[in-house]
Amino acid sequence: MQAAIDLSAEKGVLRRRVIVNSIPEHTTQIDVEGKRYINFSSNDYLGLNREPALLDELHKATLKYGLGSGSSPLVSGYCDAHMKLEQLLCQQTGHQAALLFNSGFSANHGLMTALFDKTDHIIADKLIHASIIDGISHSGAVLKRFIHNKVEHAETLLKKYNTSALVTESVFSMDGDCAPVEYLSMLCQKYHTQLIVDDAHGFGVINLCVAPNVQPKCNIQIITFGKALGCQGAAVLGSKQLIDYLVSHSREYIYSTALSPINACLAYSACKYIADNPELQSQLMSNIAYFKQQAKRRNIDLIESEMPIQGVIIGDPEKAVEASNQLKSDGLWVGAIRTPTVPKNTDRLRITITAKHSTEDIDQCITALDKLFMNEEYCHAR
Ligand SMILES: Cc1ncc(COP(=O)(O)O)c(C=O)c1O
């Protein structure tokens with residue numbers, strides 16, 4: 001273990017935790033070791049984490065259901081709070097059925113390992129999340145990856161292999177760009193394969209399908225509650241047959257304490273809240289547009305993205321950490337994302353914009369980035 005720790009430190013990729021406390025009266029600010037920062041690294045894109053209406057729901061749900069589910073779902077851990085959330089998610093996405101998991105990681109892993117085995121070939125985007133890669137790898141299936149978002153390459157692989165499923169993300173977690181889901185869906189129909197979309201960073205920000213009676217654009221959709229919904233947990237959505245199958249074959253579902261009913265109630269209330277308050281999504285989009293416009297004025301070279309995830313490539317793990325530290329000294333908390341989370345030489349700053357950032361917050365971020373990129377070491381980011 002020590003040798004591995006030392007090696008990671010030598011390569012500049014050793015991870016360490018810091019205690020980050022949120023500040024109740026300022027949704028976009030955090031406290032780290034007694035110092036305040038504007039948080040540009042949260043996936044709580046709509047700023048629901050401290051929404052008073054949702055805190056009230058939490059209180060009511062706790063009184064009604066107690067703290068935890070008390071058991072795995074097939075024993076006695078499945079209650080009406082879970083069922084209501086599954087039904088709402090089906091209404092909002094157009095899928096027939098849903099199944100709740102404790103996290104997006106366990107949903108992806110539990111789905112892939114239950115569905116596939118060594119007789120399957122899976123085709124996936126090069127940038128899919130670690131939980132999907134691990135799930136496919138542990139299922140024994142053969143994984144072939146296409147160049148990020150290149151549908152022509154996906155088609156070449158579909159022609160070559162008898163494929164069980166094509167997997168992508170709706171909004172990519174580290175680049176913030178969107179997959180061409182409609183095009184991939186057409187390809188999957190042409191080659192008689194299933195389309196699986198991890199919608200972790202899309203649900204609540206852009207919706208794959210919202211109108212009633214509209215067919216979903218993918219066969220299986222994974223939603224996580226820890227991003228735009230501001231809480232915790234995840235769901236797999238698809239056909240009734242898929243969900244019936246997972247109920248008796250997904251080990252993550254069967255052998256784990258069910259998602260707490262309080263979390264199910266919170267995710268339910270958050271979905272309703274987003275639907276009832278469309279101005280939140282509009283505010284988020286207008287903040288993103290403002291950030292991009294200001295970055296362009298200063299010639300800051302952002303990774304192409306219309307979503308809350310905005311990146312600047314630094315290209316070296318140690319320099320990415322140094323850049324993040326410099327932003328901290330200017331009062332901004334921006335994550336340095338290093339290899340192997342992102343491909344080698346694409347170490348970066350990952351800036352997330354939320355609906356709750358003020359114009360002043362964004363201006364402060366742009367000014368600090370501008371100052372950082374004056375430095376010769378980072379001038380390539382212009
Ligand atoms: C694309 C994607 N899928 C799945 C996950 C896992 O979700 P969770 O954080 O709920 O485990 C994440 C987040 O970490 C993600 O970015």
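How many cavities of 30 Å³ or more does a search of the whole structure find? The search finds 1. The model is predicted. It also holds a ligand, which sits in the largest pocket. The ligand has 13 residues around it.

**The ligand and its shell**

- Gly 104, Phe 105, Asp 198, His 201 and Lys 227 are the closest of the surrounding residues.
- By class, the shell has 8 polar, 3 charged and 2 nonpolar residues.
- Helix H5, residues 104-115, gives the most to this shell, with 3 residues.

**Polar contacts of the ligand**

- Gly 104 places a backbone N or O atom 2.7 Å from an oxygen atom of the ligand.
- Phe 105 has a polar backbone atom 3.0 Å from an oxygen atom of the ligand.
- Asp 198 uses its side chain: a polar atom there lies 2.6 Å from a nitrogen atom of the ligand.
- On its own, the ligand has 390 Å² of accessible area, and the protein covers 80% of that.

**The cavity**

- The volume of the largest cavity is about 80 Å³.
- The lining of this cavity has 13 residues, and Pro 73, Leu 100, Tyr 253, Ala 258 and Leu 259 are the closest to its centre.
- Three elements give two or more residues each to the lining: helix H4 (80-93), strand E4 (97-101) and helix H10 (251-254).
- The lining residues of the largest cavity divide into 7 nonpolar, 4 polar and 2 charged.

Technical notes:
Residues numbered from 1 in each chain as written. Predicted model: local features only at pLDDT ≥ 70, side-chain atom pairs only at ≥ 80, totals over all residues. Heavy atoms only, no water. Near = heavy atom within 4 Å. Polar contact = N/O pair within 3.5 Å; in protein donor to acceptor, adjacent residues only side chain to side chain. Areas by Shrake-Rupley, 256 points an atom, 1.4 Å probe, with all protein chains shown as cover. 1 Å grid on protein atoms, 1.4 Å probe; cavity = no way out; pocket = protein on both sides within 12 Å on 5 of 7 lines; lining within 4 Å. Sits in = over half its atoms within 2 Å of the grid points. Helix = DSSP H or I, 4+ residues; strand = E, 2+ residues; numbered from the N terminus. Nonpolar A, V, L, I, M, F, W, Y, C, P; charged D, E, K, R; others polar. Points joined across faces, edges and corners; volume = space filled by probe spheres on them.
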